[in-house]
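Trainee: Please take a close look at one helix and its charges. Then work outward from there, and give the cut-offs as you go.

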Amino acid sequence: MVQERRRNRPNILITGTPGTGKTTTSTALAESTQLRHINIGDLVREKKLHDGWDDELECHIINEDLVCDELEDLMEEGGNIVDYHGCDFFPERWFDRIVVLQTENSVLYDRLTRRGYSGAKLSNNIECEIFQVLLEEAKESYPEDTVVALKSNTIEDITTNVATLTDWVRNWQPSS
Ligand code: DAT
């Protein structure tokens, strides 16, 4: 059995389809709470925690075990905002809050097109959002009362979400 250890600051996972605003939201939240922002995509590239490049999906093939090993000590310490478009391979015990960002299809389409996505990469991501893949994945992987879905269509949504999450961080207390 894995022994529960107490952390003094919470760990938050910000997830959602690419383009829903995870990095923008995490950056602003890290600034307002002084928590540490960990962008998994950047970490995988910087520390080469992957098994090469997937030509079809046009992304690195993430090595989930290496990522989890890399993060274990930091997560145990607490005070992290993890930013990634997947959530089912992290240990459940790591997170106190799982935030799933959601964006209307037409808005997301424009954002991803502007980012240079096209063809299968674009349609896969739009489908991922239509079918609420990340919300389902989060609900299957974590206790339901720790998962929250937040709209991320406009800049005002980001401001509201960051304010709500900042309040939550300030009020968070370690479980006894
Ligand atoms: P992600 O990290 O989920 O891939 P991002 O934070 O990089 O997303 O945002 C992608 C682009 O969309 C970026 O140019 C900022 C913009 N954006 C994200 N969320 C937004 C929102 N709620 N309102 C307006 N623009 C947003």
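Mentor: Helix α3 gives the most to the negative surface patch, with 3 residues. This is a predicted model, in which local features need pLDDT of at least 70, side-chain atom pairs count only at pLDDT 80 or more, and totals for chains, interfaces and linings use all residues. Residues are numbered from 1 along each chain as its sequence is written, and side-chain values use heavy atoms, with hydrogens and water left out.

The whole patch consists of E64, D65, D69, D88, E136 and E140. Two elements give two or more residues each: α3 (64–77) and α6 (133–141). Helices are DSSP runs of H or I with at least four residues, strands are DSSP runs of E with at least two, and numbering starts at the N terminus. Patch members have over 30% relative accessible area and no salt bridge; like charges are joined within 9 Å, nonpolar side chains (Val, Leu, Ile, Met, Phe, Trp, Tyr) within 5 Å. Asp and Glu count as negative, Lys and Arg as positive, while His and the chain ends are not counted. A charge is placed at CG of Asp, CD of Glu, NZ of Lys or CZ of Arg. Areas come from the Shrake-Rupley method with a 1.4 Å probe, and for residues only the protein chains shown count as cover.

Take D65 as one member. D65 lies in α3. At a relative accessible area of 59%, D65 is exposed (exposed is over 50%, buried under 20%, partly exposed in between).

Now go to E77, also in α3. E77 forms a salt bridge with R36, with 3.2 Å between the closest N and O atoms (the rule: a side-chain nitrogen of Lys or Arg within 4 Å of a carboxyl oxygen of Asp or Glu). R36 sits in strand β2 (residues 36–39), 41 residues away from E77, and the pair links distant parts of the chain. E77 has 47% relative accessible area and is partly exposed. R36 is partly exposed too, at 28%.

E77 has another contact across the sequence. Its C-alpha atom and that of R9 are 7.8 Å apart, although 68 residues separate them along the chain. R9 belongs to the segment before β1. With 37% relative accessibility, R9 counts as partly exposed.

That segment also holds R7, which pairs with D96 in the loop between β5 (80–83) and β6 (97–102), so parts 89 residues apart in sequence are tied together. The R7–D96 salt bridge has its closest N and O atoms 3.0 Å apart. Both R7 and D96 are buried.

Compare a local pair. R45 and D42 meet in a salt bridge at 2.6 Å, N to O. They are 3 residues apart in helix α2 (residues 40–46), so about one helical turn separates them. R45 is partly exposed at 47%, and D42 is partly exposed at 32%. The structure holds 5 salt bridges, counted by that rule.

Next, return to α6, the other helix in the patch. The loop between α5 (119–130) and α6 holds Q132. Most residues other than glycine have a negative phi. Q132 has phi near 50 degrees, a positive value. Q132 is partly exposed, with 34% relative accessible area. F131 lies in that loop as well. F131 is exposed at 56%. I130, F131 and V133 make a nonpolar surface patch of about 290 Å².

Q34 also has a positive phi, near 65 degrees. Q34 lies in the loop between α1 (22–33) and β2. Its relative accessible area of 60% makes Q34 exposed.

Last, the aromatic rings. Y84, F89, F90, W94, F95 and Y142 form one cluster. Rings of Phe, Tyr and Trp (its six-membered ring) pair when their centres lie within 6.5 Å; planes under 30 degrees apart are stacked, over 60 edge-to-face, and the rest tilted. By this rule there are 6 aromatic pairs. The ring centres of F90 and F95 are 5.7 Å apart and their planes lie at 75 degrees, so this pair is edge-to-face. F90 and F95 are both buried.

Notes. Buried < 20%, exposed > 50% of the residue type's maximum accessible area, 1.4 Å probe, protein only.
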